[in-house]
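Here are my notes on the strand pairing, written for a colleague at the bench. Please read them with the structure open beside you.

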Amino acid sequence: KKDHVVVIPDKIQKKHAYSGYDLLYNLMIPGLNVNANKGVVKTARGEATLYINGVKAELREIQNLRPKDIEKVEYYDIPSGIYIGDIASINYVTKTYQLGGYVSLDGWQNIGYLSGNYNLGAKLDRNKWSYTFFGGYGMNKYNGIQENKTEKMNISDSYIHRTLVNQNALLRDNQQYAQFKVNYKAEKYNIYALAGLVGKSTPENNQSNLLHYENNTYEDVLSLSSTTEKNLKPSVCVDGIFYPTSRQRIHINITGNYAHNTYSRIYTENKLESFTHADEDLYSFRALGVYNMTWKNSSLGVSFLHDHHISSSLYEGDYRSWQHLWRGESLLNLSYMQHLFDNKITLMINPGLSLLNYKLHTQPKCQDWTFRTNSWIRYQLHSNHQFSLGFAMGNFQPDISYVNTADQTIDFLRIQRGNPNLANPTIQEYFFTYDATLNPVNLQINSWHTRIKNNVSVDYYSEGEKLISSYLSNTTYDKWKLELIASCRISDKLRINSTLKYEKFKVAGGQGLSTDNFMASLQANYFIK
């Protein structure tokens with residue numbers, strides 16, 4: 001189509017799929033990397049957003065989609081219209097039922113070490129109403145983890161060279177989740193409400209290491225590290241899509257989250273002991289409003305988004321500190337799309353403005369205005385060949401994990417320290433894409449250049465007899481990528497998808513890092529009956 005690809009699954013692809021992720025993998029759409037086990041769908045530019053019949057869907061909803069109910073899949077590699085703001089968009093178009101439902105149970109268990117995941121799903125459709133429930137439990141237990149490490153440090157003109165050999169390690173954690181969703185769909189609107197609860201606990205994360213110091217200052221010693229962690233996160237969401245006329249669409253979304261996290265770590269080395277405990281409360285609120293109007297060869301949209309986060313953390317132990325960060329970002333975006341010359345050319349102009357405010361307790365308030373855009377032009381040579389050229393610009397929100405004034409002990413030579421004076425990172429991206437359908441081959445060539453200014457990177461310096469690990473924002477990060485992707489339907493039974501990729505990374509300033517990467521992958525599906 002003029003702004004997206006429509007893929008109609010065949011009978012074999014549906015028969016050999018057990019979820020929406022499985023079916024998407026079987027389709028082998030060029031440029032999509034589908035991990036059906038983890039429920040992750042990525043493109044070269046980042047993670048795709050998934051929808052069911054135009055409504056944003058959660059991971060469990062896609063996992064419980066019955067392949068036989070999926071009529072087609074719409075893929076927007078450069079989102080437009082109602083999907084503006086996504087890196088990429090995938091919409092499952094499914095059959096709808098007036099009355100009925102399902103109950104699903106699934107689980108997997110690893111043999112050889114304890115690791116499992118068990119899930120329950122249920123859905124009931126009754127006329128215009130639908131009710132969905134998902135719940136699950138997972139656990140992991142690993143022991144016998146091996147690690148060898150060599151470290152060389154210059155601390156206050158002293159040279160320290162040490163090696164670490166792991167003697168014993170144990171990790172045990174578990175996760176639980178529950179989610180309930182109610183949806184009402186009428187001719188002119190679609191509204192849903194969702195409530196969820198996610199919990200995670202790591203009661204054991206223990207390591208025993210033998211440290212060997214090359215110089216004569218220290219003897220060989222045994223170090224012990226014991227960490228525990230708990231996380232609990234309830235959330236609520238209300239979402240509504242309204243159609244005042246056949247050409248107009250209004251989308252409103254309000255989401256609220258709360259999370260309580262605790263973290264404790266005891267570290268001993270020889271006769272010395274260190275203790276760290278963190279208690280953290282996180283509050284977040286998100287409000288989104290989008291208006292779209294379409295005409296025969298054009299569309300116009302305006303969106304407003306406000307994200308608000310409050311983080312409050314109390315650190316106790318070796319260093320006592322209270323960290324309180326609030327941050328809010330308001331985004332205003334306009335989008336205009338025009339189809340020209342019988343849809344041969346599609347032009348998307350998408351100017352936007354971001355206002356970012358944040359303040360760390362005891363520090364001055366910071367405010368940043370950033371121009372944002374995701375504009376592009378696409379030329380369709382004919383239905384089987386098209387070219388796209390685009391430019392995107394955005395920014396990052398600060399995170400309390402590095403924007404803070406807290407000190408935490410790593411060991412008796414190293415301290416982790418935040419930096420409250422980091423600049424606001426901005427990102428620029430230039431991209432070119434060529435798509436071709438040459439039956440039975442689908443081909444895609446991608447080229448990108450990504451630049452991050454004020455890139456947050458790790459900084460090391462000595463202070464007394466300690467090595468401080470902190471952060472700086474004085475580097476520029478560049479990434480160049482060239483990618484060739486081809487999928488081929490060799491026969492009804494055999495389908496393949498291959499990728500060749502070259503990447504170059506460079507960090508200017510600081511230590512001046514640079515590296516080149518080559519990657520090749522091949523996926524093959526052979527269907528028996």
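The points below take the sheets in turn, after a word on the model.

1. This is a predicted model, in which local features need pLDDT of at least 70, side-chain atom pairs count only at pLDDT 80 or more, and totals for chains, interfaces and linings use all residues. Residues are numbered from 1 along each chain as its sequence is written, and side-chain values use heavy atoms, with hydrogens and water left out.

2. An open sheet with mixed pairing is formed by 5 strands in the order S1-S7-S8-S5-S6, where strands are DSSP runs (E, at least two residues) numbered from the N terminus, and two of them pair if DSSP finds at least two bridges between them. Its edge strands are S1 (5–7) and S6 (55–56), each of which pairs on one side only. Strand S5 (residues 49–52) is antiparallel to S6, with 2 bridges between them, and Tyr51 has Lys56 of S6 as its bridge partner.

3. A further open sheet, of 3 strands, has the order S2-S3-S4 and antiparallel pairing. Because strand S2 (33–35) and strand S4 (46–47) each have a single partner strand, one side of each is left without a neighbour in the sheet. Strand S3 (residues 40–43) pairs with S4 over 2 bridges in the antiparallel sense, and Lys42 stands opposite Glu47 in S4.

4. Later in the numbering, strand S23 (residues 385–395) runs antiparallel to strand S26 (residues 426–438), joined by 11 bridges, with Leu389 partnered by Phe432 of S26. S26 also pairs with strand S27 (residues 441–463), antiparallel over 13 bridges; a hairpin joins S26 to S27 through 2 residues, and Leu438 has Val441 of S27 as its bridge partner.

Conventions:
Helices (H or I, at least four residues) and strands (E, at least two) are DSSP runs, numbered from the N terminus.
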